[in-house]
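Let's take a slow walk through a protein chain together. Keep the sequence and the 3D view open side by side as you read.

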Amino acid sequence: ASPLNPTALTRRVTCPDGNTVTNEACCVLFPVLADIQANMLDFGECGDAAHTALRVSFHDAIGFSQSDPSFGTGADGSIFIFGETELALAANLGIADAFNLETPFIAKHNISVGDFIQFAGAVSLSQCPGVLAPPFMLGRVDATFPAPDGTVPEPFQSVDEILARMGDAGFTPAEVVALLASHSIAGADDIDPTIQGVPFDSTPSVFDTQFFVETQLRGTLFPGTGGNQGEVESPIAGELRLQSDSELARDSQTACFWQANVNNQAQMALNFQQAYIKMQNLGQDVSAMVDCSDVIPTPPPISASAAQAFFPPTLSNADVEQACADTPFPQLPTASGDSAITVPEIVQDPATNGACMDNGEGCVATL
Ligand code: HEM
Ligand SMILES: [Ca+2]
Ligand SMILES: [Ca+2]
């Protein structure tokens with residue numbers, strides 16, 4: 001059928017379970033979707049389980065290099081298939097949580113491990129207000145060997161090192177900043193061993209631009225103990241700032257891309273969506289895959305008031321460490337409240353702390 005024929009464009013197939021899709025090959029995903037929404041991803045919450053599934057989608061995919069095949073085949077499930085190797089790497093500290101969360105479901109369903117990880121990442125995103133419809137392609141080929149050490153960027157690396165590694169995988173500096181919008185729905189469990197679920201911005205359940213605002217503010221405190229590798233001072237009690245986010249916000253190569261996201265929800269969401277498409281399919285032959293984007297649920301919308309960026313109580317433009325030389329930081333309102341504001345921790349999902357053996361550095365179980 002001609003792509004110009006409107007009936008061809010809208011023709012849908014009815015799957016055995018009654019769902020409709022444009023491509024029959026996508027029917028296999030509906031049982032997976034129903035199961036993980038109900039039993040793995042906390043009923044539509046943009047919380048701990050969703051954050052965990054999103055992070056592992058990055059750590060699996062980034063095992064890829066445009067120049068060196070030994071770096072891995074990207075979004076290929078290697079992080080779980082060769083969990084004994086990859087989860088023991090320092091850069092994957094905490095990814096054992098994702099292994100615990102996902103492997104019981106991977107075992108129950110019949111799609112590749114690489115597909116499952118990226119599908120769970122896309123479904124997770126669809127639970128977060130402010131995200132633009134995450135796409136999903138089906139048909140990743142599973143790994144035959146693990147990714148080596150050095151593929152996953154670390155929070156104590158320099159901007160040059162991080163941009164070099166990400167560039168080697170195929171991302172421009174602008175795309176690296178775009179991808180880091182993910183840290184608007186994120187936090188840390190392992191950077192400061194004394195505290196868990198410490199968010200990177202004051203709204204870790206909303207995909208808003210607060211992450212880009214708050215990382216530009218002068219750091220004044222540590223949410224727990226000081227002196228942890230990869231952590232620098234944050235501006236609000238209860239919030240953790242990664243050294244890498246701090247430096248990317250201030251480096252001349254990235255600062256203007258960073259600032260451009262501030263209070264620009266539509267641009268942030270679009271740039272993330274485009275860069276994320278690339279990430280989901282790293283190392284894989286997209287021409288051999290099927291577009292199943294219509295299986296991914298529509299994310300909840302973000303209200304205009306929730307999309308309005310703000311300074312946390314008592315802080316203002318005077319607390320911004322201006323780094324972009326081209327344009328001044330946007331003027332933003334200050335939220336009402338006193339200086340005692342503390343960002344609440346992200347409630348931990350017990351499923352992310354279960355079955356697999358953890359040797360203190362990572363998970364040593366195999367899939
Ligand atoms: C480019 C450099 C990046 C660095 C250095 C970095 C580093 C980190 C670190 C250290 C944590 C905290 C882990 C913990 O202690 O629990 C974290 C969390 C997280 N990261 Fe990144 N990250 C980067 C890029 C990305 C990208 C591209 C994505 C996804 C598209 C992503 C998604 C997440 C998510 C969702 C979490 C929260 C996990 C949770 O709350 O369970 N990160 N990141
Ligand atoms: Ca991989
Ligand atoms: Ca947020």
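We start with the whole chain, then turn to one helix, the ligand and a few single residues.

Before anything else, keep in mind that this is a predicted model. The chain holds 14 helices and eight strands. How compact is the chain for its length? Its radius of gyration is 20 Å, close to the 21 Å that the globule rule gives for 367 residues, so the chain is as compact as a globular protein of that length. If you draw a box around the C-alpha atoms along the principal axes, that box comes out at roughly 60 × 50 × 40 Å. Buried residues make up 47% of the 367 residues. Now think about who touches whom: among contacts with a separation of 6 or more, 74% are between residues 24 or more positions apart.

Next, zoom in on helix 8, which covers residues 159-169. Its buried residues are Ile-162, Leu-163, Arg-165 and Ala-169. Looking down the axis of helix 8, you'd find these buried residues within an arc of 165°, so they line one face of the helix. It helps to remember a bit of general helix geometry: an α-helix has 3.6 residues a turn, so residues three or four places apart point the same way. Now flip to the other side of helix 8, where Asp-160 and Ala-164 are exposed. What do the buried residues of helix 8 pack against? Their partners are helix 9 (173-179) and helix 11 (243-250). Helix 8 is followed by Gly-170, which has a positive phi near 115°.

Time to visit ligand 1. It is surrounded by 25 residues, and the closest are His-51, Ser-182, Ala-186, Ala-188 and Asp-190. The elements that give two or more residues to this shell are helix 3, helix 8, helix 9 and strand 4 (187-188), so you'll meet helix 8 again here. Which element gives the most to the shell? That's helix 3, with five residues. Sorted by character, the shell around ligand 1 has 13 nonpolar, eight polar and four charged residues.

Now for some backbone oddities. Most residues other than glycine have a negative phi. Phe-43 is not a glycine, yet it has a positive phi of about 50°. You'll find Phe-43 in the loop between helix 2 (29-39) and helix 3 (48-61). Asn-263 also has a positive phi, near 55°, and it isn't a glycine either. Asn-263 sits in the loop between helix 12 (255-260) and helix 13 (265-280). Are these two buried or exposed? Phe-43 is exposed, because it has 10 other C-beta atoms within 10 Å and the cut-off for exposed is 12 or fewer. Asn-263 is buried, because it has 21 other C-beta atoms within 10 Å and buried means 20 or more.

Our last stop is Leu-315, in the segment after helix 14 (304-307). With 22 other C-beta atoms within 10 Å, Leu-315 is buried. Which residues does Leu-315 contact, leaving aside its neighbours within four places in sequence? They are Leu-217, Pro-235 and Thr-334. Compare that with Gln-265, which is 50 residues from Leu-315 along the chain: the C-alpha atoms of these two are separated by 21 Å.

Terms used: Residues numbered from 1 in each chain as written. Chains lettered and ligands numbered in written order. Predicted model: local features only at pLDDT ≥ 70, side-chain atom pairs only at ≥ 80, totals over all residues. Helix = DSSP H or I, 4+ residues; strand = E, 2+ residues; numbered from the N terminus. Arc of directions from axis to C-beta. Contact = placed C-beta atoms within 7 Å. Rg over C-alpha atoms; globule rule 2.2 N^0.38 Å. Near = placed C-beta within 6 Å. Nonpolar A, V, L, I, M, F, W, Y, C, P; charged D, E, K, R; others polar.
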